[in-house]
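Work through the following exercises with the sequence and coordinates at hand. Each task is followed by a solution in steps.

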Amino acid sequence: MQEQFHPATFFAPEGAKYTLLPFRFMDFDGRRFLANDAGQYCFLDSPEFTTLLDGTLSRTSPAYMELKAKHFISDTALRVPLRLLATKIRTKRSFLDGFTRLHIFVVTLRCDHSCQYCQVSRVTADRSRYDMSRETADRGLDMVFRCPAREVKIEFQGGEPLLNFELIRYIVEEAERRNEEQGKEIEFVLTTNLALIDDEILGFLREHRVYVSTSLDGPAVIHNANRPRPDRDSHDLTIRGIDRVRKALGHDGVSALMTTTRLSLAHPEAIVNEYVEHGFDHIFLRPISPYGFAVRTRRHTGYELSSFLEFYRRALDYIIEVNRRGTVLTEIYAQILLTKILTPYATGYVDLQSPSGAVIGAVVYNYDGDAYASDESRMLAEMGDRSFRLGNLHQDSYSDIFGGPVARALVEASCVESLPGCADCAFQTYCGADPIENYATQGDVIGHRPTSHFCGRNMEIIKHLFRLYHGSDEFVQRLFWSWVERVPVSSLYPTIPD
Amino acid sequence: MRLFSKGTAVGVAVPTMGKLTRKPVHDQATRRDYIVYGDPASLNGFNGDLSGYAGVYDPRTCAQPGSLPTVSGVPNLEYLDDDDVVLLLPSGGVNVLYRRRSEHNTILTTERCNSYCLMCSQPPREVDDSHRIGEILRLLELVSPDTRELGLSGGEPTLLGDDLLTIIRKAADVLPRTALHMLTNGRRFSDYTLARRLGEIRHPDLMLGIPLYSDLDHRHDYVVQRRGAYDETVEGIYNLAESGVRIEIRVVLHRQTYERLPQLADFIYRNMPFVSQVALMGLEMFGFTHRNLEELWIDPAEYGPQLESAALFLATRGMNVAVYNHQLCTIPRAVWPFARKSISDWKNVYLAPCDKCGVKDYCGGFFQSATKRHSAFVRPLPRQNPDADRILREWHGIKTSTASSVPPNS
Amino acid sequence: MSTAVPCAADGISALVGTFSSDEGFNREVALSVNTGLYGIDAVFQACYTFTDRCFFHFSHKGGEDVVLSMRRKREDGDVDDLIGEFVNELINQRVRIDLFRRTHLLREMIVAQAFTEADLLKPGMG
């Protein structure tokens, strides 16, 4: 006898209650926003939310089906939802693999600029006791090769690193030599103001595929005000330097970073235009680090959170228009946040991680051998506060530095699941913790969320991105995906010309 | 085109398998792999030396029966050629198991299945067909090593248990350059050990095509008519992925699966981004489909929005999407880049309106069974503009020597 | 002088006080909260969220009731709005605590499963 076919009702759970799976919620533009540890999210109306919690949400409602498919509720055996959630959570934490990937070598403290927001002492060119020695560099490379990460980035910072180019050369060649046995993928980055670039240096950079990163704060008016040189031609030098580097290393061989100061805040469009004009396909809108020299010169560079957010919104809106008109320009901070929001994947951006990327993501080796949890930690030390000094390369071992009390305290203090204000936040998976910023601005590593700039700006930017993505402008959705997928928006998927 | 026919058997005591050959095989040791193929004229070329061959196959009538197992007078299989593998049956039946010049060779592993899909095109039979295992192992020895791809299907291949692993292991040994594409519901792979053992074979080019019909368990279970099937399939997919086995998710589109297709795309992206491809497939008017037509039938043109939404959703997120068994006139233009000419040659036809169609060259056409029922929107389309025409030809590997079969930016 | 204003939420009554001050705005508000209904944890969580805008002072009224004084740091809108927002936040926090109670064990299982080599969900494995 042939087997019968059963109707759909035969397979639907009958009268089964549903179990709530773990999630967090917040009020967002008059609705309830829910998110879980996998970063999946859902918008519900308030009545729907109430019935969800009461256990009376209707099985046939679209909200129910969405919540079930996204693992906010379960009405069957828990085995599969739990396994899927566990896998997704592990994926979101994959940035932990390999431990510290970014190793910053401060090859010299000397500098020829005196930027108002710089946290480095203004030491002039003739004090060579502020240079890193080969012995220190060797100990730093010992650490790099002790770390398990298969892919590492070695970044040269300063002062102005090119004032100690010979040591950069040494570190690159020595790292490559040691790597012949180890087989890591090493990326080299040189941050520089480009004033000292010459053909010999460019030849070296090209040969060893060293990326160049420079500062471009905006058009000359802004850039020069932020970064005064005695002869006051910083912007021009930068642009000429960029052109020169591009000729030697290719168009994408140099990238630019901006620092936002009070002056910048009034000119978002001009800054974006500057980046477009000079052929950059990305711009990173990040707030100034609110301490170090910034604290000292707060009159010039301090700003209210709301001013920064206004700047960010205007700049992002303008960037969207620039893209709409056909120019490819990615905003990197949005790209990072959107990757966390829209994809199952993690990002490697150390400043927006939990536990924080300090030490476990990035480490700084200062010219004198002192190791720090981050660039900001080093700057605090320059101001007399050595709370986040991990040790010294000449005196301490790998486990002292990477597993010592400072490292552990930073990790413990930066797990968002246990931080007041973060523990219940619906944006938890998209955000991170910065214990060093907390310490510098609020007095302790845990921080005070209601008055935290870190929290305020991330919360608002995340909300802004959600509003844009779920707004009615389809182009914005495709643009955001083009940023996440790192392809031009016209190549997002194949099309046939009409 | 048929893969089975019947003639007159003489001396076929047991099912006899062999590669067809019109020319004598000089190496005596390998003659047992071959079945002499031909009419009296080509048989002359053998000069009467038929010793050692496995059998004789003559589509016309043998002038004189030899002592070898012989089947003759077989209609409808004129397409057979050298190195095609046939199975001669005592009844006079001839099964075509493998055609060297075809791109669509599929091996039926069993007719048994542990699901009972509403639209099954190979309705299960509860029979003991374990004899197939030995036949398959033998077949793998006879398949030409330069074959690009073989399919394994059923029924449900995993019901063979260890024997399935043996088959795959053998394929890895004797046909290392042949890709293996196995259709399975994946349920038995909820047993982690089975998945791990499959992964350990390290077949050089194995892909499992596993259907998933919804982001909701009860909807999927309804389509496959088995409670708990969804959970088993999802666990199977995870176990296979953890064991290093490549997976393609397949979705047959019909009335019971189209509505939540975009949500299924989201589910696949968030939970299984590691799959190699997602295939969105048209319904075959065959097998069980007729018994459940009212639940299943929807004009494909009506689910165009969901199809487009799902395809673009996945493509935007960097996943490979293929649309099979749909015609260009019934799907949105935005979906054309994903449409593949995929219907097995032996069941591929075009309809009358297609004669006037300007895009027929790059359209996959219909299942044979579509002549019974198909979209009301089938109609000839105008020729495309030169740019579009060029791109479409490239994608489908037509004409230009530098063509690839994959769209340029996927 | 103070007047008791019943709020929309059960278990909370607001005592609005007008204090003489240089600022001239309703600077301090006192709420009587029934912790049996809301839980003292929810009260503290809600207060924490408002510590950028207010200073808080607690005193025990008797039984399960707690008197919560909120002293605004600056004039930022209507004091009724402040009370309304605070009460909504109190409710949200109460719901969060409930949600935590209902789901935290599952969460611990999921996270343990995520970071262990073994399959904790499989009987007999560990």
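**Exercise 1. Aromatic rings**

Task: In this predicted model, find which residues of chain A are linked into a cluster by ring pairs, then classify two individual pairs by geometry and setting.

Solution.
- Step 1. The cluster consists of A:Phe28, A:Phe33, A:Tyr41, A:Phe43, A:Phe427, A:Tyr430 and A:Phe466, joined through ring pairs.
- Step 2. Over all chains, the count of aromatic pairs is 47. One of them joins A:Phe308 and A:Tyr312, with 6.3 Å centre to centre and 40° between the planes. An angle that is neither under 30 degrees nor over 60 is classed as tilted, and this pair is tilted.
- Step 3. Both residues belong to helix 12 (residues 305-324) of chain A; because they are four residues apart, about one helical turn separates A:Phe308 from A:Tyr312. An α-helix has 3.6 residues a turn, so residues three or four places apart point the same way.
- Step 4. A:Phe308 has 1% relative accessibility and therefore counts as buried. A:Tyr312, at 1%, is buried too.
- Step 5. C:Phe44 and C:Phe58 make another tilted pair, with 4.9 Å between centres and 40° between planes. This pair links distant parts of the chain, since C:Phe44 is in helix 2 (residues 40-49) and C:Phe58 in strand 4 (residues 54-62) of chain C, 14 residues apart.
- Step 6. C:Phe44 is partly exposed at 47% relative accessibility, and C:Phe58 is partly exposed at 28%.

**Exercise 2. Charges over rings**

Task: In chain B, state which ring B:Arg317 lies over and which ring the charged end of B:Lys360 sits over.

Solution.
- Step 1. B:Arg317 is placed over the face of B:Phe313, 3.4 Å from the ring centre.
- Step 2. For B:Lys360, the ring is that of B:Tyr350, and the charged end is 4.9 Å from its centre.

**Exercise 3. Helix 12 of chain A**

Task: Check the length of helix 12 of chain A, then describe its buried residues and what covers them.

Solution.
- Step 1. The helix has 20 residues, and at 1.5 Å a residue these should span 28 Å. The end C-alpha atoms are 28 Å apart, so the expected span and the model agree.
- Step 2. The buried residues of helix 12 are A:Phe308, A:Leu309, A:Phe311, A:Tyr312, A:Ala315, A:Leu316, A:Tyr318, A:Ile319, A:Ile320, A:Val322 and A:Asn323.
- Step 3. Their cover includes helix 9 (268-277), helix 13 (332-342), helix 18 (453-469) and helix 19 (474-485) of chain A, along with strand 11 (282-283) and strand 12 (330-331).
- Step 4. Just after the helix, A:Gly326 has a positive phi of about 110°.

**Exercise 4. Backbone exceptions in chain A**

Task: Describe the setting of A:His71, A:Arg486 and A:Pro355, and state what is unusual in the backbone.

Solution.
- Step 1. Most residues other than glycine have a negative phi, and most peptide bonds are trans.
- Step 2. A:His71 has a positive phi, near 65°. The residue lies in the loop between helix 2 (62-69) and strand 5 (73-74) of chain A and, with 6% relative accessibility, is buried. Beyond four places in sequence, A:His71 touches residues of two chains, among them A:Leu21, A:Asn36, A:Pro81, B:Phe267 and B:Asn271.
- Step 3. A:Arg486 also has a positive phi, about 60°. This residue is in the segment after helix 19 of chain A and counts as exposed at 62% relative accessibility.
- Step 4. The peptide bond between A:Ser354 and A:Pro355 is cis, with omega about -5°. A:Pro355 sits in the loop between helix 13 and strand 13 (362-365) of chain A.

**Exercise 5. Chain C and its interface with chain A**

Task: Summarise the fold pattern of chain C and the area buried between chain A and chain C.

Solution.
- Step 1. Chain C holds three helices and five strands, in the order β-β-β-α-α-β-β-α along the sequence.
- Step 2. Of its 126 residues, 38% are buried.
- Step 3. At the interface, 32 residues of chain A contact 22 residues of chain C. The buried area is about 2300 Å², with 64% from carbon and sulfur atoms.
- Step 4. A:Phe25, A:Arg79 and A:Leu82 give 23% of the area that chain A buries against chain C, more than any other three residues.

Note on methods. Residues numbered from 1 in each chain as written. Chains lettered and ligands numbered in written order. Predicted model: local features only at pLDDT ≥ 70, side-chain atom pairs only at ≥ 80, totals over all residues. Heavy atoms only, no water. Phe/Tyr/Trp six-rings, centres within 6.5 Å; stacked < 30°, edge-to-face > 60°. Helix = DSSP H or I, 4+ residues; strand = E, 2+ residues; numbered from the N terminus. Buried < 20%, exposed > 50% of the residue type's maximum accessible area, 1.4 Å probe, protein only. Lys NZ or Arg CZ within 6 Å of the ring centre and 35° of its normal. Expected span 1.5 Å × (residues − 1). Contact = heavy atoms within 4.5 Å. Buried area = accessible area lost by both parts, 1.4 Å probe.
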